[in-house]
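Dear colleague,

I am handing over the structure below, and after it you will find my notes on its aromatic rings. Please read them alongside the coordinates.

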Amino acid sequence: MKIGDFAKACGITVSALRYYDSQGLLSPVYTDNFTGYRYYDESQIEFCKTIGILKSANFSLSEIKQILQSNSADERSMLFEKKRAEFHNTLRRLDEVQTAIKEVEFMKGSDFTPLKEDIDIPFENDEDVIGKWELLAGSGNNTSFGGKKREIYFLPGGEQYWCFSWTKGKFLFNNGAMTSVNSYTTEKRDDGLYMTIELKCYDYVRSGKTEKITLRQQDKKRYSKQEIARRDNISIPFKNDDKVIGKWYVFDYIRHIEDFSPNMPSAKNKLFFSEIEFLPDGKCISVYGDKVVSNDSTQTWTKGFVLRKTNETACAYELRCENNKEFLFIEWKSGDYIWGGLEPNYYVFTREQRL
């Protein structure tokens, strides 16, 4: 279900759903990287309505998050008792809500399976489509992507950048979780060349319906992948920062620093960027997946930044103290930042290894 349909089914606003997502309370089961559309599953309706029940009993969103994400019946009971002490005149309502919560089977996942099509297709050239294209409004399209006007590049030879590659008549999509082969057609109009892509997004998995995406060609320049990449200044002189010297272990991965909770990590699975050690001379050692990176030609640091030379990104870091515990926030500038124009997410680290 698209976010608007899901909001109507739950009896809340779209802006409320977006806020729930930003707080790590209720996230869509799938977000389309191409259109930016968010999709929810029908099984999440009961979960969303439960949030509303708890809000009606004057629980804050942080308290609701603790209740719904806790696996401890004792912890949930403690939170209810605390609320009873604060609001004696709502005891009966709180009893009703607690009973309802005990009976709810919280959604731990979804039966949604991302599309996995074979995109290893021999390349066939289509010289007309090479160049820069603008994603247009209308026809179900969304021109807002991370707050920026959206541009798509068709690189010579069908070269892939970010999530996109192509061959004649086919727009190939691969975001790591979903792969699809999407047909495109072109049409010459008085004001230029237009393209329509039949995009296989979330609706296609559920109902077989494609989403029509309309593009208009901006130029026919033969761009290279390196040319269109977003780059930071990584030629920053080394300046020491004694506060970060030593080893840090990953604690969480978040969209915004404001989303962070020191008590309950939002990321449940094993994280890709798992360790970083800052050495006094500007060297640093990181663990990405099963790979240890320690070469100066790949990565260094200076006060305020981790400098990733492989993709020319300067990832700012910030130290914060929460609940008498020190946390290190490091920007994560992936392809979404380099080619998609999105703002970086954050990895959060502590001095203690997360079990």
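Is Trp339 buried, partly exposed or exposed? With a relative accessibility of 24%, Trp339 counts as partly exposed, because the buried class ends at 20%. Please keep in mind throughout that this is a predicted model.

Across the structure there are 34 aromatic pairs. In one of them, the ring centres of Tyr161 and Trp339 are 6.3 Å apart and the planes stand at 70 degrees, so this pair is edge-to-face. Tyr161 belongs to the loop between strand 6 (151-154) and strand 7 (164-167), while Trp339 belongs to the loop between helix 9 (335-338) and strand 20 (345-350), and the pair therefore ties together parts that are 178 residues apart in sequence. Tyr161, at 1% relative accessibility, counts as buried, whereas its partner Trp339 is partly exposed.

Another aromatic pair, formed by Tyr253 and Tyr347, is tilted, with 4.6 Å from centre to centre and 50 degrees between the planes. This pair also links distant parts of the chain, since Tyr253 lies in strand 12 (residues 246-254) and Tyr347 in strand 20, 94 residues apart. Here Tyr253 counts as partly exposed at 26% relative accessibility, and Tyr347 counts as buried at 4%.

Two arginines also meet aromatic rings: the charged end of Arg189 sits over the ring of Tyr194 at 3.9 Å from its centre, and the charged end of Arg320 sits over the ring of Phe329 at 5.9 Å from its centre.

Best regards

Note on methods
Residues are numbered from 1 along each chain as its sequence is written. This is a predicted model: local features need pLDDT of at least 70, side-chain atom pairs count only at pLDDT 80 or more; totals for chains, interfaces and linings use all residues. Side-chain values use heavy atoms; hydrogens and water are left out. Rings of Phe, Tyr and Trp (its six-membered ring) pair if their centres lie within 6.5 Å; planes under 30 degrees apart count as stacked, over 60 as edge-to-face and the rest as tilted. Helices (H or I, at least four residues) and strands (E, at least two) are DSSP runs, numbered from the N terminus. Buried means under 20% relative accessible area, exposed over 50%, partly exposed in between (1.4 Å probe, protein chains only). A charge sits over a ring if NZ of Lys or CZ of Arg is within 6 Å of the ring centre and within 35 degrees of the ring normal.
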